[in-house]
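Here is a short briefing on one protein model. Please look over the sequence and the fold before reading on.

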Amino acid sequence: MQSIYQHTIRHWLLTIAAALVVGFAVAPAVAENLHPKNEVIAGEPASDAVLTTKIKARLGDFHAIETERVSVDVDDGVVTLEGMVPTAADKLATEREVKAIEGVKMVINSLEVAK
């Protein structure tokens with residue numbers, strides 16, 4: 001026959017075990033809501049899609065650059081810029097701005113200056 005003490009301990013252990021099972025089952029869903037896949041946390045590498053979006057937004061801030069004439073390709077943080085820009089200064093400024101974006105590892109600047 002179990003004592004009341006043993007029964008209480010058994011009850012608490014089962015309650016704790018059930019809580020842990022539920023907690024581990026819910027944790028991934030909660031974590032996903034706290035950190036969506038397209039959000040970048042400081043110190044964490046940015047996905048290529050997020051980097052592409054950031055780069056295109058930054059290029060849109062340059063009035064001299066027609067963003068539809070510049071293509072951006074990102075592969076594992078390596079950015080390739082292709083297309084036309086009005087001046088050599090714009091070509092260098094574009095590269096400098098893209099390099100400043102967190103998560104960019106390297107820029108391959110294949111931009112051409114319009115003649």
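In this predicted model, β1 and β2 form a hairpin with two residues between them. D76 sits in the turn and has a positive phi of about 55 degrees. The points below start from that hairpin and move on to the neighbouring topics.

**Strand pairing**
- β1 and β2 run antiparallel and are joined by six bridges.
- D75 has V78, in β2, as its bridge partner.
- β2 also pairs with β3, here in the parallel sense, over eight bridges.
- One bridge of interest links G83 to L111 in β3.
- Together with α3, the strands β2 and β3 make a right-handed β-α-β unit.

**Nonpolar core**
- The largest nonpolar core has 15 residues.
- Which of them touch the most other members? They are I55, V72, V79, L81, V98 and V104.
- α2, β1, β2 and β3 (residues 106-113) each supply at least two residues of this core.
- In soluble globular proteins, nonpolar side chains tend to be buried together.
- V79 touches I55, V72, D73, V74, V98, V104, M106, V107 and I108, leaving out residues up to four places away in sequence.

**Helix α2**
- Helix α2 covers residues 48-60, a run of 13 residues.
- At 1.5 Å a residue it should span 18 Å, and its end C-alpha atoms are 18 Å apart, so the expected and modelled spans agree.
- Its buried residues are V50, L51, T52, I55 and L59.
- Among the elements that cover these buried residues are β1 (70-75), β2 (78-85) and α3 (88-99).
- Residues three or four places apart in an α-helix point the same way, because there are 3.6 residues a turn.

**K91 and its surroundings**
- K91 lies in helix α3.
- Is K91 buried or partly exposed? It counts as partly exposed, because its relative accessibility is 26%, which falls between the 20% and 50% cut-offs.
- Beyond its neighbours within four places in sequence, K91 is in contact with V85, N109, L111 and V113.
- K91 and L111 are 20 residues apart along the chain, yet their C-alpha atoms are separated by 6.4 Å.
- The K91 side chain reaches the backbone oxygen of L111 at 3.1 Å.
- L111 therefore appears twice in this briefing: as the β3 bridge partner of G83, and as a contact of K91.

Definitions and conventions: Residues are numbered from 1 along each chain as its sequence is written. This is a predicted model: local features need pLDDT of at least 70, side-chain atom pairs count only at pLDDT 80 or more; totals for chains, interfaces and linings use all residues. Side-chain values use heavy atoms; hydrogens and water are left out. Helices (H or I, at least four residues) and strands (E, at least two) are DSSP runs, numbered from the N terminus. The expected span of a helix is 1.5 Å times one less than its number of residues. Buried means under 20% relative accessible area, exposed over 50%, partly exposed in between (1.4 Å probe, protein chains only). Contact means heavy atoms within 4.5 Å. A polar contact is a pair of N or O atoms within 3.5 Å; within protein, one must be able to donate a hydrogen and the other to accept it, and residues adjacent in sequence count only if both atoms are side-chain atoms. A nonpolar core is a set of buried Ala, Val, Leu, Ile, Met, Phe, Trp, Tyr and Cys residues joined through side-chain atoms within 4.5 Å. Two strands pair if DSSP finds at least two bridges between them. A crossover is right-handed if, with the strands pointing away from the viewer, the path from the first strand over the helix to the second runs clockwise.
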